[in-house]
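Could you walk me through this structure in my viewer, one selection at a time? I would like to know what to pick next and what I will find there.

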Amino acid sequence: MGPGIEMLSRDPAGRRSDAVAQDLMRIIQAGDLQEGDRLPAERELMQRYGVSRSAVREAIVSLANRGLVTTRLGHRPIVSKPDYEIAIDKVGNLVGHLVVDRNGVWNLFESRIFLEAALARWAAGHARRDDIEELRAALEANRQAIGNSSQFDETDAAFHAVLYRIPGNPIYPAVHKAYVEWLIQHWRSMKRGADIDQMNYAGHEAIFDAIAARDPDSAEEALRRHLVAAWEFVRSTFPSTKYVSGERLTDGA
């Protein structure tokens with residue numbers, strides 16, 4: 001199972017947890033430990049590598065942060081297969097610290113507009129019949145949720161999630177999940193009400209109609225119009241200081 005103590009003897013004490021993590025990662029990538037297998041017990045790893053319990057635990061945390069193991073209190077870590085969602089999740093931990101002000105959130109929101117506009121255009125040209133029906137069902141669920149804030153938020157996100165799934169690229173749904181997690185605190189603190197739900201639903205309906213009509217230009221335009229309007233509500237969750245509109249900072253709202 002690798003070089004063990006011999007490998008660590010060449011490493012300063014401060015790096016021993018990194019060396020343990022690197023060796024375990026090598027073993028996992030080589031297939032000697034496969035998805036679903038449990039890592040050896042902490043005591044066995046301590047003896048194998050000649051390190052302290054804290055070094056072993058730090059190594060396991062490092063593997064978990066890479067998506068190579070899943071941990072649960074009181075159980076040995078289990079080898080897992082990293083996927084796009086896990087990878088973007090890790091980036092999300094950093095991004096969360098970058099969107100604490102209005103400018104940061106605008107940068108994030110604008111990237112969402114850019115991506116979803118492309119997805120709406122792509123869907124109008126390439127969506128299959130099943131995709132259209134899935135989008136139609138998501139739109140109807142959104143309509144039925146009007147007036148129920150929490151349910152409307154869920155069905156709103158579900159409608160947009162379909163757009164991310166249509167191309168069949170697993171990266172896009174993972175990105176959508178990240179957008180939802182990054183922005184949900186602002187959605188929850190926005191103004192609420194059936195009239196606002198109705199406005200957002202109308203935006204979704206326009207996007208759906210353009211996609212169903214196979215009109216890429218209208219689909220992109222409807223998507224942009226909908227999210228730009230949504231941004232006006234998101235930015236209202238910040239104190240009224242300076243505001244970046246996507247061009248330059250200006251005084252006032």
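**Start in the core**

This is a predicted model, and a good first selection is F109, L135, F159, Y179, I211 and L223, the residues that touch the most other members of the 41-residue largest nonpolar core. Now colour helices α6 (102-126), α7 (129-144), α8 (149-165), α9 (171-188), α10 (194-212) and α11, since each of them supplies at least two residues of this core. The biggest contribution comes from α6, with 11 residues.

Next, centre on I211 and show what surrounds it. Leaving aside residues up to four places away in sequence, I211 touches A120, A123, A124, I132, L135, L163 and A219.

A second core, of 21 residues, lies apart from this one; to find it, select V20, M46, I60 and L63, which are among its members.

**Along helix α2**

V20 takes us to helix α2, residues 16-30. Show these 15 residues as a cartoon: from first C-alpha to last, the helix reaches 21 Å, close to the 21 Å expected at 1.5 Å a residue. Which residues of α2 are buried? Switch on side chains for S17, A19, V20, A21, D23, L24, M25, I27 and I28 to see them. As you look along the axis, keep in mind that an α-helix has 3.6 residues a turn, so residues three or four places apart point the same way. Then step on to G31, which follows α2 and has a positive phi, near 90°.

**Into the largest pocket**

I60, which you met in the second core, also helps line the largest pocket. Select it together with P40, A41, E42, R57, V61, T71, R72, H75, R76 and P77 to display the full lining. The elements giving two or more residues to this lining are α4 (53-65), β1 (69-72) and β2 (75-79). Colour the lining by class and you should get 5 nonpolar, 2 polar and 4 charged residues. The space in this pocket is about 200 Å³.

**A stop on α11**

Move now to A229, in helix α11 (residues 216-235). Is A229 buried or partly exposed? Its relative accessibility is 28%, so it counts as partly exposed. Draw a C-alpha to C-alpha distance from A229 to M199: the two are 9.2 Å apart in space and 30 residues apart in sequence.

**Zoom out**

Finally, show the whole chain, with its 11 helices and 4 strands. Of its 253 residues, 42% are buried. Among contacts with a separation of 6 or more, 68% join residues 24 or more positions apart.

Terms used: Residues are numbered from 1 along each chain as its sequence is written. This is a predicted model: local features need pLDDT of at least 70, side-chain atom pairs count only at pLDDT 80 or more; totals for chains, interfaces and linings use all residues. Side-chain values use heavy atoms; hydrogens and water are left out. On a 1 Å grid over the protein atoms alone, a cavity is a set of points where a 1.4 Å probe fits but cannot get out, and a pocket is an open set with protein on both sides within 12 Å along at least five of seven lines; lining residues have an atom within 4 Å of a point. Grid points are joined across faces, edges and corners, and a volume is the space filled by probe spheres set on the points. Ala, Val, Leu, Ile, Met, Phe, Trp, Tyr, Cys and Pro count as nonpolar, Asp, Glu, Lys and Arg as charged, and the others, Gly among them, as polar. Buried means under 20% relative accessible area, exposed over 50%, partly exposed in between (1.4 Å probe, protein chains only). A nonpolar core is a set of buried Ala, Val, Leu, Ile, Met, Phe, Trp, Tyr and Cys residues joined through side-chain atoms within 4.5 Å. Contact means heavy atoms within 4.5 Å. The expected span of a helix is 1.5 Å times one less than its number of residues.
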